[in-house]
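Please work through the exercises below with the model open beside you, trying each task before you read its solution.

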Amino acid sequence: MSQLMIVSMLIFFGLSVPVAVSIGLASLAGVGASGLPWLVVAQQLFAALDKYPLVAIPFFILAGNLMEAGGISERMVEFAKSVVGGIQGGLACTCVLTCMIFAAVAGSSVATTFAVGAILIPAMIRHGYPAPFAASLQASAAELGVIIPPSIPMILFAVSTDTSTGELFIAGVMPGILIGVALMFYVWFYAKRNNLGKRDGEGRLPLWPAFKSAWLALLMPVIILGGIYGGVFTPTEASVVAVMYAVVVGKFIYRRLSFKQLSDTLHKSVVSTAVIMFVIANAGIFSFLLNRAGIPDALGVWLAQIFDTKFTFLMGVNAALFVIGMFIETSASIVVLAPLLLPVALKFGVEPVHFGIIMVVNLALGMITPPFGVNLFAACAVAKLPLERLIKPLVPFVGVVIVCLMVITYWPGLSLGLRDLVYAK
């Protein structure tokens, strides 16, 4: 049964059937081959979605879209530009820093790509940066949207493995900062080497006026993350707070959010949510059938025979996830693979929260690697460029993130240090 499911899923992938549909059809084949009643399909579809933490996903998607429509992201850009825009390559560094700030509310890399890229990709092109470089930078920096909390993939990992969402969120802070700083260092070096960005500081506001203009926007991540770790509300409740805050600020204070924009934003958010939920539901059936067939235990025995140390296991998992992330959407990868791989990781002594961060960071690379890099398509749409023009400038960014991934993988304290401080046992 399990062989039939996996082979049929790969065949559907090869025929360019959408990922969620491929998983669902392969699951139907598995149900038919196992002789289970077809009622199991409906039961498992419902069970996969009947999890309270999943409520946070539509609200974080909506919050990110409201920030874009309500002018909040624009003020974040101006503040970030006032902080780092004065150095050579400062506009490119502004792109990374803005994505880091935006990521602390949105939870979605695609939302970050559109919200920040719509402002900064044209600005970088006007300042002389090559358009493919600007689009590649935006796609890569937007990856921080799923690493710096709150993060939709972290919620999915938590739900799939019964891990604490709050602990995963706090564990993602330092890895996100590491990747952000590494990307800023690279773009500064790139600007120096190619004599770019000498006029990036023109037109930027001084720090204090920029802060006064953006302080309500900057207060949003403080309220969200502070409320979670201060015990005021749960991560799921925080998503609702983020939406309400974005509506109030965008509509009544900045006066940028019209009722027509609100309607369009709600529609766009519903579509994005439906796509993710459809993936989760189909992956739930798939995971149920694999677990029933004993695949996790068999996989654990097989991997234990191949890898004899924690070091080699993590190296092998990273290599496999990197390839998988190129072809399978991040949400589907986490929901299907996390329940299979975590028990094996535990046998090698890997802490669950640390393993969750490794999975999220690694699969986030899939968002910027062809052929199915969603951030690349979003950045191409903003920059009006064909995908093939982004490949060459993208390679160094992928290399930077891979180096950071190795640090995150083999230095657990980077992820767990802050977690242990906040969640002191």
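The exercises that follow go from the overall fold to single helices, residues and loops, and they concern a predicted model.

**Exercise 1. The overall fold**

Task: Find how many helices and strands the protein has, and decide what its radius of gyration says about its overall form.

Solution: Begin with the secondary structure, which comes to 21 helices and zero strands. Next, take the 425 residues of the protein: a compact globule with that number would have a radius of gyration near 22 Å, and the value of 21 Å found here agrees with this. Along the principal axes, the C-alpha atoms fill a box of roughly 65 × 50 × 45 Å. Turning to contacts with a separation of 6 or more, one finds that 80% of them join residues 24 or more positions apart. Finally, 56% of the 425 residues are buried, while the accessible surface comes to about 17,000 Å², with 71% of it belonging to carbon and sulfur atoms.

**Exercise 2. Helix H9 and its surroundings**

Task: Determine how many residues of helix H9 are buried, what covers them, and what is found at the start of the helix and just after it.

Solution: Helix H9 spans residues 152–161, and nine of these ten residues are buried. Among them are Ile152, Met154, Phe157 and Thr161. The cover over these buried residues includes helices H4 (56–69), H10 (165–171), H14 (259–292), H17 (330–347) and H18 (352–364). At the start of H9, a side-chain oxygen of serine 151 comes to within 3.3 Å of the backbone nitrogen of methionine 154. After the helix comes aspartate 162, which has a positive phi, near 60°. In the loop between H8 and H9 lies proline 150, and the peptide bond that leads to proline 150 from proline 149 is cis, with omega near -5°.

**Exercise 3. Two residues of helix H18**

Task: For methionine 359 and valine 353, state whether each is buried or exposed, and then list what each one touches beyond four places in sequence.

Solution: Methionine 359 has its place in helix H18, and because its relative accessibility is 0%, it counts as buried. It touches Phe157, Leu321, Ser333, Ile334, Leu337 and Ala338, when residues up to four places away in sequence are not counted. Phe157 is one of the buried residues of H9, and H18 is among the helices that cover that helix. Methionine 359 also lies 7.9 Å from asparagine 318, C-alpha to C-alpha, although the two are 41 residues apart in sequence.

Valine 353 is likewise found in helix H18, and with a relative accessible area of 2% it is buried. Its contacts, with residues up to four places away left out, are Thr163, Glu167, Leu168, Ala171, Leu416 and Arg419. From valine 353 to tyrosine 254, which is 99 residues away along the chain, the C-alpha separation is 39 Å.

**Exercise 4. Serine 136 and threonine 165**

Task: Which residues surround serine 136 and threonine 165, once neighbours within four places in sequence are set aside?

Solution: Serine 136 belongs to helix H8 (residues 131–142), and its relative accessible area of 0% makes it buried. Its side chain reaches the backbone oxygen of proline 132 at 2.8 Å, and it touches Leu390, Pro393, Leu394 and Phe397.

Threonine 165, for its part, is in helix H10, and its relative accessible area is 15%, which means that it is buried, since the cut-off is under 20%. Threonine 165 is in contact with Ile155, Ala158 and Pro235, and of these contacts, Ile155 and Ala158 are buried residues of H9.

**Exercise 5. Three loop residues**

Task: Work out where asparagine 195, arginine 255 and glutamate 329 are placed, and how far each is exposed.

Solution: Asparagine 195 lies in the loop between helix H11 (173–193) and helix H12 (207–229); it is partly exposed at 49% relative accessibility, and its phi is positive, near 55°. Arginine 255 sits in the loop between helix H13 (235–253) and H14, where it counts as exposed at 67% relative accessibility, and its phi is a positive value of about 55° although it is not a glycine. Glutamate 329, in the loop between helix H16 (310–327) and H17, is partly exposed with a relative accessible area of 31%. Leaving aside neighbours within four places in sequence, glutamate 329 is in contact with Val19 and Val279.

Notes: Residues numbered from 1 in each chain as written. Predicted model: local features only at pLDDT ≥ 70, side-chain atom pairs only at ≥ 80, totals over all residues. Heavy atoms only, no water. Helix = DSSP H or I, 4+ residues; strand = E, 2+ residues; numbered from the N terminus. Rg over C-alpha atoms; globule rule 2.2 N^0.38 Å. Buried < 20%, exposed > 50% of the residue type's maximum accessible area, 1.4 Å probe, protein only. Contact = heavy atoms within 4.5 Å. Areas by Shrake-Rupley, 256 points an atom, 1.4 Å probe, with all protein chains shown as cover. Polar contact = N/O pair within 3.5 Å; in protein donor to acceptor, adjacent residues only side chain to side chain.
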